[in-house]
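Please find below some numbered comments, meant to be read beside the sequence and the coordinates. They follow the chain from local backbone features to the interior.

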Amino acid sequence: MHIEIYNRLLELARAQKLTYYSEIAPLASLSMDIEEDRDRIASLLWEIVEHERNNDRPMLTAIVVHRGLDNNPGEGFFSAGVKIGKFDGSRDPIARLEFWVRQVSEVHGYWASH
């Protein structure tokens with residue numbers, strides 16, 4: 001697990017904030033402009049999802065979103081939710097938004113008190 005990314009996500013979660021993939025990628029010397037780096041950041045975030053699941057905590061990676069008009073998480077977030085049994089894989093935009101908002105709320109709530 002990439003400790004610098006993990007610690008930054010903890011800091012942001014405790015402050016009840018979101019961040020962008022493009023802001024955390026440089027912590028691992030990665031660029032979101034490079035496809036291989038995007039794949040690597042997805043892998044690093046998956047490691048964090050697994051770590052948090054193994055410690056009975058919410059999906060910390062929910063606070064990482066795309067910069068732009070939608071400010072939504074990437075497909076890897078939803079895939080990770082399916083892999084750990086928290087999301088049914090729905091393609092319905094409302095179901096996806098509800099899942100993401102619920103995860104962000106759980107992350108902020110948990111880390112605000114820990």
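1. Gln 16 has a relative accessibility of 47% and therefore counts as partly exposed, in a model that, it should be said at the outset, is predicted. This residue sits in the loop that runs between H1 and strand E1 (19–20), and its phi is near 55°, a positive value in a residue other than glycine. As background, most residues other than glycine have a negative phi.

2. A second residue with this kind of backbone angle is Asn 71, which is not a glycine and yet has a positive phi of about 50°. Asn 71 belongs to the loop between E2 and H4, and because its relative accessible area is 29%, it is classed as partly exposed.

3. Gln 16 also appears among the surroundings of His 108, a residue of helix H5 (residues 93–112). With neighbours within four places in sequence set aside, His 108 is in contact with Ala 13, Gln 16, Lys 17, Leu 18 and Ile 63. One of these partners, Lys 17, has its backbone oxygen 3.0 Å from a polar atom of the His 108 side chain. The relative accessible area of His 108 is 12%, so this residue is buried.

4. Which residues of the largest nonpolar core touch the most other members? They are Ile 5, Leu 9, Ile 41, Leu 45, Leu 60 and Ile 63, in a core of 33 residues. The elements that contribute two or more residues to this core are helix H1 (3–14), helix H2 (21–24), H3, strand E2 (64–65), H4 and H5, and the largest share, six residues, is that of H1.

5. Leu 9 deserves a separate look. Not counting residues up to four places away in sequence, Leu 9 touches Thr 19, Ile 24, Leu 45, Ile 48, Leu 60, Ile 63 and Val 64. Ile 63, listed here, is also one of the contacts of His 108.

6. Ile 3, for its part, lies in helix H1, and its relative accessible area of 48% is the reason why it is described as partly exposed. The C-alpha atom of Ile 3 is separated by 9.5 Å from that of Ala 28, although the two residues are 25 residues apart along the chain.

7. The largest pocket holds about 310 Å³ of space. Its lining consists of 19 residues, and those that lie nearest the pocket centre are Tyr 21, Ala 42, Leu 45, Gly 76 and Phe 77. Two elements, helix H3 (35–54) and helix H4 (75–83), are the ones that give two or more residues to this lining, with H3 giving the most, namely seven residues. By residue class, the lining divides into 10 nonpolar, six polar and three charged residues. Leu 45, named here among the residues nearest the pocket centre, is also among the core residues that touch the most other members.

8. A last point concerns Ser 90, in the loop between H4 and H5. Is this loop residue, Ser 90, buried or exposed? With a relative accessible area of 19%, against a limit of under 20% for the buried class, Ser 90 is buried. The side chain of Ser 90 reaches the backbone nitrogen of Asp 92 at 3.0 Å, and, leaving aside neighbours within four places in sequence, Ser 90 is in contact with Ala 95 and Arg 96.

Note on methods: Residues numbered from 1 in each chain as written. Predicted model: local features only at pLDDT ≥ 70, side-chain atom pairs only at ≥ 80, totals over all residues. Heavy atoms only, no water. 1 Å grid on protein atoms, 1.4 Å probe; cavity = no way out; pocket = protein on both sides within 12 Å on 5 of 7 lines; lining within 4 Å. Points joined across faces, edges and corners; volume = space filled by probe spheres on them. Helix = DSSP H or I, 4+ residues; strand = E, 2+ residues; numbered from the N terminus. Nonpolar A, V, L, I, M, F, W, Y, C, P; charged D, E, K, R; others polar. Buried < 20%, exposed > 50% of the residue type's maximum accessible area, 1.4 Å probe, protein only. Polar contact = N/O pair within 3.5 Å; in protein donor to acceptor, adjacent residues only side chain to side chain. Contact = heavy atoms within 4.5 Å. Core = buried A, V, L, I, M, F, W, Y, C linked by side-chain atoms within 4.5 Å.
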